[in-house]
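Me: Could you take a close look at one part of this model with me? I would like to see how a single strand sits among its neighbours, and then how one pair of helices packs.

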Amino acid sequence: MHKFICISGCTASGKSSFAIELADYFESPVIINADALQVYDCWKILTDRPTEKKTMHDLYGHVSYTVNYSVGDWIKDVKNIFDLYSKNSKTFIFVGGTGLYFNALLNGLSQIPQIPEEIRDFANSCDLPFFLEGLNINDPGILEKIDTNNRRRVQRAWEVLEATGKSILYWQSKNTSPLISASNATLLLVELEKECLANRISNRVNHMLECGVIKEVEKVYNTCWDKKLPFAKAIGAEEIVSYLKGEISFEKLFQNLALKTRQFAKRQRTWQRNYMKNWSPINTLELNRLDIKKIVKKVKANN
């Protein structure tokens, strides 16, 4: 019988390293990426893509920047992985911070119709208050379910309502069958104290800069930059582009990268509070070998 482990948490919380450590306790494990931006081949340093090779990793850097990759595409890729590795691998470890991926994996994929280009183009020209006002009048319930500071989520809710006449909540209730039953998976949520996470974020920004993230973004900017494509939404990409244009100083760049990452982590925490209430919280910085063995025992008992 296959074992399924899902590890989520905020950016810079150490979930990827923990996944690798946990994988050592299982036979022929496969670590599967559940981060929407680590899928793109152009971002290695910027998204802190894992470089560990002793454990099989999949769905990392496998998508061209030209592709408008969706959660539906990710689900299809996961199905292919199950078909490819199911005979040899008994443990699948999903790790990442994209809540929508985990939601689709465990609860099924919502059947939202494709949004017409004219509605999407119009929405891209509007500001956040416009969407909030429209949703407050026509779909107030959704505002209690999503992060109202997250423009992408709010715009998406407005687009679905505008295109279909029905709330995104309606379409989410029409989900397909999940690939994995939540009851058959071990769900682990990495949680760190805010101050500790802020320090880790600053350290990550320093590490990225030392490893050449500016050159990585410069190469992408000079060859394939397109703000309309999902790959350009990577945290820090626009800030580094501003630096390359001479619009901000290096000191300001560091401040902006750290700030944007902290804000992103805050949005992730909001999602986790709303949708991951049944996940088991863990602090990876305080785990010892005995704690990990307890988790392994739980995984084996759960599967």
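Reply: Happy to; here is the strand, followed by the helix pair. Please keep in mind that this is a predicted model.

Let's begin with strand β4, residues 91–95. Five of its five residues are buried, so β4 is largely enclosed by the rest of the structure. In a regular strand, side chains alternate between the two faces of the sheet. Here both faces are covered: T91, I93 and V95 are buried on one side, and F92 and F94 are buried on the other.

Next come the partners of β4. Strand β1, residues 3–9, runs parallel to β4 and is joined to it by five bridges. Strand β2, residues 29–33, is also parallel to β4, again with five bridges. F94 is a handy landmark for both pairings: C6 stands opposite F94, and F94 is the bridge partner of I32 as well.

Now for the helices. Helix α8 (residues 194–210) and helix α11 (residues 250–275) have axes that come within 10 Å and cross at roughly 135°. That angle makes α8 oblique to α11, and the crossing is right-handed. On the α8 side, the contact is made by K194, L197, A198, I201, S202, V205, N206 and L209. From α11 come F250, L253, F254, L257, A258, T261, R262, A265 and R269. By class, the residues of this contact divide into 11 nonpolar, three polar and three charged.

Key
Residues numbered from 1 in each chain as written. Predicted model: local features only at pLDDT ≥ 70, side-chain atom pairs only at ≥ 80, totals over all residues. Heavy atoms only, no water. Axes fitted to C-alpha atoms, helices over the stretch in contact; angles between N-to-C directions. Helix = DSSP H or I, 4+ residues; strand = E, 2+ residues; numbered from the N terminus. Parallel < 35°, antiparallel > 145°, perpendicular 65-115°, else oblique. Left-handed = near helix turned anticlockwise from the far one by under 90°. Contact = heavy atoms within 4.5 Å. Nonpolar A, V, L, I, M, F, W, Y, C, P; charged D, E, K, R; others polar. Buried < 20%, exposed > 50% of the residue type's maximum accessible area, 1.4 Å probe, protein only. Pairing = 2+ DSSP bridges.
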